[in-house]
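Trainee: I am new to this structure and would like to know what stands behind the words used for it. Could we go through them one at a time?

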There are 2 protein chains.
Amino acid sequence: MARSAVTRDPPGKGASPATPKSRPGQRSAHPKTPRRLKQIEAKRTAMLDAALGLFSRAGLHGTTVEQIAEDAGVSKTNLFYYFASKEEIYVAVLSRLLDEWLAPLRAIEPDADPVVAIGEYIRRKILFSRTQPAASRLFCLEIVQGAPLLKRELETSLKQLVDAKAAMIRGWTAAGKLAPVDPHHLIFAIWATTQHYADFAGQIDALLGTGLDDEAFANAAAENVSRIILEGIRFRPIP
Amino acid sequence: MARSAVTRDPPGKGASPATPKSRPGQRSAHPKTPRRLKQIEAKRTAMLDAALGLFSRAGLHGTTVEQIAEDAGVSKTNLFYYFASKEEIYVAVLSRLLDEWLAPLRAIEPDADPVVAIGEYIRRKILFSRTQPAASRLFCLEIVQGAPLLKRELETSLKQLVDAKAAMIRGWTAAGKLAPVDPHHLIFAIWATTQHYADFAGQIDALLGTGLDDEAFANAAAENVSRIILEGIRFRPIP
DNA sequence: GTCTATAGCACGATAGAC
DNA sequence: GTCTATCGTGCTATAGAC
């Protein structure tokens with residue numbers, strides 16, 4: 001919140017029509033041989049990877065451009081050749097991950113058996129928390145802080161996706177395949193429980209001395225979350 | 001992560017023995033009349049309240065002391081008379097809230113009926129998310145970022161509390177009063193689902209246009225979370 | 001495209017009068 | 001205790017040589 005919030009339009013790839021300063025993706029003195037393009041893309045990726053790691057631990061304002069450059073193995077100046085500002089790096093990191101973040105929800109099919117489908121969804125979300133904990137934490141930070149940069153995306157793409165899946169869940173309940181539950185609260189519960197293992201990994205480690213790094217713990221987490229959400233914890237004698 | 005991490009010992013109330021600079025809590029030129037002490041305490045509280053609101057939205061590094069001073073209705077210099085550094089304010093805010101954050105878990109009694117007790121716990125946690133969303137978000141930010149300042153507290157007090165309650169839950173299961181579930185994963189699930197409504201309020205608002213501010217929504221949230229965790233979502237014909 | 005050097009400025013923190 | 005004024009630092013971003 002401190003200094004600004006995107007003061008000028010960042011000359012990235014998509015938006016602004018008039019970008020005087022040349023950028024690596026675009027034309028340059030050298031012809032863009034496939035080899036060169038690949039180098040450039042690799043460098044961009046290294047920078048974004050480094051930025052993801054740092055932003056996810058310290059947030060936008062807690063990370064300096066110099067740290068990103070160092071972690072990516074480039075000079076600070078060179079980084080500013082690829083990205084016009086720190087905010088532009090931040091947005092690039094977020095938008096690169098959005099699709100992947102939503103993929104598990106997209107993958108749910110209405111025709112599947114609900115209990116199987118939801119079990120699989122939970123498994124996938126925990127796998128994401130396991131393989132991409134930094135991404136999960138960055139989204140968490142961004143949303144907790146009001147998602148100034150993601151809000152629009154949430155209100156359009158995400159809402160559309162969630163509404164569709166909510167209707168699907170309602171259909172399952174209407175067909176007598178699922179207990180009556182508000183679909184949105186169910187989705188929130190699944191998001192919350194699965195992302196918790198990445199976002200609150202520090203707390204879990206402090207309490208248990210382990211985390212999703214440990215495969216056995218990851219399996220136990222998926223198993224317990226599935227059981228709690230699907231079966232509940234009320235005691236039921238074996239029928 | 002940027003610049004420092006508590007470079008010098010903050011001359012607050014507890015720790016460091018030698019604090020040359022006088023502080024409002026301690027002796028001053030004026031005798032500490034009850035009236036004066038009360039004024040000072042009120043001011044301190046106003047400052048911490050302002051800091052909580054800002055830190056919870058923008059984190060430690062995204063908040064400036066000038067903003068805190070402005071929100072609290074004091075000058076920046078005056079704020080530095082009460083607190084030696086920004087970090088000291090941050091720590092003071094966190095430690096003021098810790099007890100309250102853990103109170104609902106502490107309140108669970110082993111002799112209670114598990115289903116009732118857990119339902120009540122969920123209700124209280126959602127009430128906390130509703131009445132103290134800023135506190136919940138600040139803890140979320142702090143833990144996501146690795147809880148550099150809370151880690152010790154988590155490893156000692158919190159661990160002790162959680163281990164005790166985990167044993168209690170295991171006792172319920174052993175007594176046939178609760179379905180078999182790993183107590184830690186159950187506690188995580190309850191934390192995650194209930195705190196989600198405060199921490200991800202921005203996302204929920206983007207999706208549904210409402211939140212815990214709305215009492216009806218808050219009731220629906222508590223009701224649905226309780227139902228999901230206690231009963232599960234698998235369809236069961238009425239017996 | 002990549003470097004060295006530095007401009008420019010916001011911010012945390014302090015000095016010293018009252 | 002509170003104020004005005006200011007210092008010093010560390011950071012983002014740019015200029016300009018190569």
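Mentor: Start with a phosphate oxygen of DNA strand D: in this predicted model that oxygen is 2.6 Å from an N or O atom in the side chain of B:S75.

Trainee: What makes that a polar contact?

Mentor: A pair of N or O atoms has to lie within 3.5 Å. The value for B:S75 is 2.6 Å, so the pair qualifies as a polar contact. B:K43 has a side-chain N or O atom 2.8 Å from a phosphate oxygen of DNA strand D, and for a polar side-chain atom of B:Y82 the distance is 3.1 Å.

Trainee: Which residues surround DNA strand D most closely?

Mentor: There are 19 residues around the strand, and the closest are A:K76, A:K86, B:K43, B:S75 and B:T77. Of the atoms of DNA strand D that come within 4 Å of the protein, 61% belong to sugar and phosphate.

Trainee: Which helix supplies the largest share of the surface near DNA strand D?

Mentor: That is α3(B), with four residues. At least two residues each come from α3 (76–82) of chain A and from α1 (34–58) and α3 (76–82) of chain B. By class, this surface has six nonpolar, eight polar and five charged residues.

Trainee: Why is the relation of the chains called a two-fold axis?

Mentor: A turn of 180° with a shift of 0.0 Å along the axis lays chain B on chain A, with an RMSD of 0.0 Å. That is the relation of a two-fold axis. In chain B, the C-alpha of B:G232 comes closest to the rotation axis, at 1.8 Å.

Trainee: How do you know that the copies meet through the same surface?

Mentor: Because 100% of the interface residues of chain B are also interface residues in chain A.

Conventions. Residues numbered from 1 in each chain as written. Chains lettered and ligands numbered in written order. Predicted model: local features only at pLDDT ≥ 70, side-chain atom pairs only at ≥ 80, totals over all residues. Heavy atoms only, no water. Near = heavy atom within 4 Å. Polar contact = N/O pair within 3.5 Å; in protein donor to acceptor, adjacent residues only side chain to side chain. Nonpolar A, V, L, I, M, F, W, Y, C, P; charged D, E, K, R; others polar. Least-squares fit on C-alpha atoms with pLDDT ≥ 70 in both. Contact = heavy atoms within 4.5 Å.
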